[in-house]
Number of protein chains: 2
Amino acid sequence: MVKEATNTEIQGILFNSKDYFEQFIPQFSIDCVIFGFHDNELKVLLSKLPKLDYWSVQGGFIQKEEDIDIAAVRILKDLTSLDNIYLKQFQTFGKAKRSEYSYAIKQVLKEQNIDFDAIPFLQQRFISIGYYSLVDFQKVTPSVNLYFESSAWHDINKLPPLIFDHTEMIGTALETLRQTLDYQLIGFNLMPETFTMKELQRLYETILGEPLKRNNFQEKILNLNILERLEKQFTGGAHKAPYLYCFKTVSKKSI
Amino acid sequence: MVKEATNTEIQGILFNSKDYFEQFIPQFSIDCVIFGFHDNELKVLLSKLPKLDYWSVQGGFIQKEEDIDIAAVRILKDLTSLDNIYLKQFQTFGKAKRSEYSYAIKQVLKEQNIDFDAIPFLQQRFISIGYYSLVDFQKVTPSVNLYFESSAWHDINKLPPLIFDHTEMIGTALETLRQTLDYQLIGFNLMPETFTMKELQRLYETILGEPLKRNNFQEKILNLNILERLEKQFTGGAHKAPYLYCFKTVSKKSI
DNA sequence: TCCTATTGTCCGAATTTCAGACAATAATAA
DNA sequence: TTATTATTGTCTGAAATTCGGACAATAGGA
């Protein structure tokens, strides 16, 4: 077991490997699949490795004396600056070889003075607890984790190359979201404050991956009695204007 | 971080703490909630702490280079001697203080020369990945883990005092089982080779916690076309004898 | 003023779920 | 042998739900 501290200069940040071992539980991470809805597309927030077309679900580590659910909230807040968000654990990923970068990737990173092999804490195998969260796209201000170049939203149907088992991870998160949507009203967490019925229908169609009947969808949702009808939205189209709606409930988290 | 090996004599087994650190990932365990069905009751297999009325879901540790799913299969086999069993991960438990024995329990264990405080590997906080499995009650030959006195099946509605967060763990496993039963035919994993329709109905009623209509249950199950009707079962009752059934499918695991 | 595209709602058909009824029958009692 | 009893297998129609088409209302443009 590695114990010695090593100091590494990465992107101008003096990084002390010993800090990791003192602060966090080794071999153990939390990854957070963040879903948002925009332009009639379901998207996930991903971060890009510098100078590589490889992307990653973002995450973090668990402090020595921290509940994992608390850690997940903290990590999500670091990544999105959002609080009080729908956030659920969905699966733990633990293939022995899951968290190894390919030689090619390591080389490119080394050219940029990022050498994970020099950070003992990161050299070990990691088991990762997957959480997924549903956020209001408009409210997120993404931040970029250490070692990454940028963050961006990606359509769930057009995912870029992903590191590790992150493609599978997003797939499992989406499948969990789908199944949960069938019997819980979590979809609303993805909507802005006000919205039309058509926009809500598009969200459901995107998540479920199938078209829904307009009349029946409207009837079903209205019968749930969770929406408040607001003023009409005049979009300028040559047709009847739709109503705007908002949720009756107070806390999004509890829906 | 503790590195030194300590030897401890427990129940006649010379136990080397260093082995733990060399073989397994620290702070990380797998717990396996094993469900069986017998006497019209849904039961879980639990192990008892010696001379204490405290019981535990059984589990094990993950080898350094072992996939967690593989580890779960290995652990289940150790506990039940069964292979090729329905086994699914359902949740990971990670409260910071979840894996601490009370002072009172430690005292009683110490009187029997079981001193967990003397085993550095076990002194740390543990995060545990919960798996649940569905087994044919009749086929299980339970084995008892180190440190435990005996194993026994317990009715899910009459659980004894449990250590750590194991009560919650069993509750979550049961809830997962319930929800999965609604759209997958996993119930069959709990049945013996042959059974009557009434027995199958009792299983469903026990898991779902609600009575079902005999006629509609029979019709629905038969329409699924997964059962093969065998000979009648003459039990000696003064009434029409029911048919025995078995599954058409080959592998139980795949249902 | 008419036309078009979309929205909100209604209503009947199709399907599924639900509940009662009844004949069949294995063992026992008369 | 026959009647009785408890349970099983199946049928059928009612109730509830889902599904799909139709149509009036309407905002803006022609």
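Four exercises on a predicted two-chain model follow, each with a worked solution.

Residues are numbered from 1 along each chain as its sequence is written, and chains are lettered from A, with ligands numbered from 1, in the order in which they are written. Because the model is predicted, local features need pLDDT of at least 70 and side-chain atom pairs count only at pLDDT 80 or more, whereas totals for chains, interfaces and linings use all residues.

**Exercise 1. Work out which face of helix 2 of chain B is buried, and what covers it.**

Helices (H or I, at least four residues) and strands (E, at least two) are DSSP runs numbered from the N terminus. Begin with the length: the 13 residues of helix 2 (residues 68–80) of chain B should span 18 Å at 1.5 Å a residue (taken times one less than the number of residues), and the end C-alpha atoms are 18 Å apart, which agrees. Next, list the buried residues (20 or more other C-beta atoms, placed from the backbone, within 10 Å of their own; exposed means 12 or fewer, partly exposed in between): Ile68(B), Ala71(B), Ala72(B), Ile75(B), Leu76(B), Leu79(B) and Thr80(B). Seen down the axis, these buried residues fall within an arc of 145 degrees (judged from the directions from the helix axis to the C-beta atoms), so they line one face of the helix. An α-helix has 3.6 residues a turn, so residues three or four places apart point the same way. Finally, the cover includes strand 6 (86–93) and strand 7 (127–134) of chain A, together with strands 3, 5, 6 and 7 of chain B.

**Exercise 2. Find the residue that follows this helix and give the sign of its phi.**

Helix 2 of chain B is followed by Ser81(B), whose phi is positive, near 65 degrees. Most residues other than glycine have a negative phi.

**Exercise 3. Place Gln27(A) and Asn113(A), and classify the exposure of each.**

Gln27(A), which is not a glycine, has a positive phi of about 65 degrees and lies in strand 3 (residues 24–38) of chain A. With 19 C-beta neighbours inside 10 Å, Gln27(A) counts as partly exposed. Asn113(A) also has a positive phi of about 65 degrees without being a glycine, but lies in the loop between helix 3 (103–111) and helix 4 (120–123) of chain A. With 12 C-beta neighbours inside 10 Å, Asn113(A) counts as exposed.

**Exercise 4. Describe the side of chain B that touches chain A.**

Count the contacts (C-beta atoms, placed from the backbone, within 7 Å): 17 residues of chain B are in contact with 17 residues of chain A. Strand 3, strand 6 and strand 7 of chain B each supply at least two residues of this side.

Conventions
Contact = placed C-beta atoms within 7 Å.
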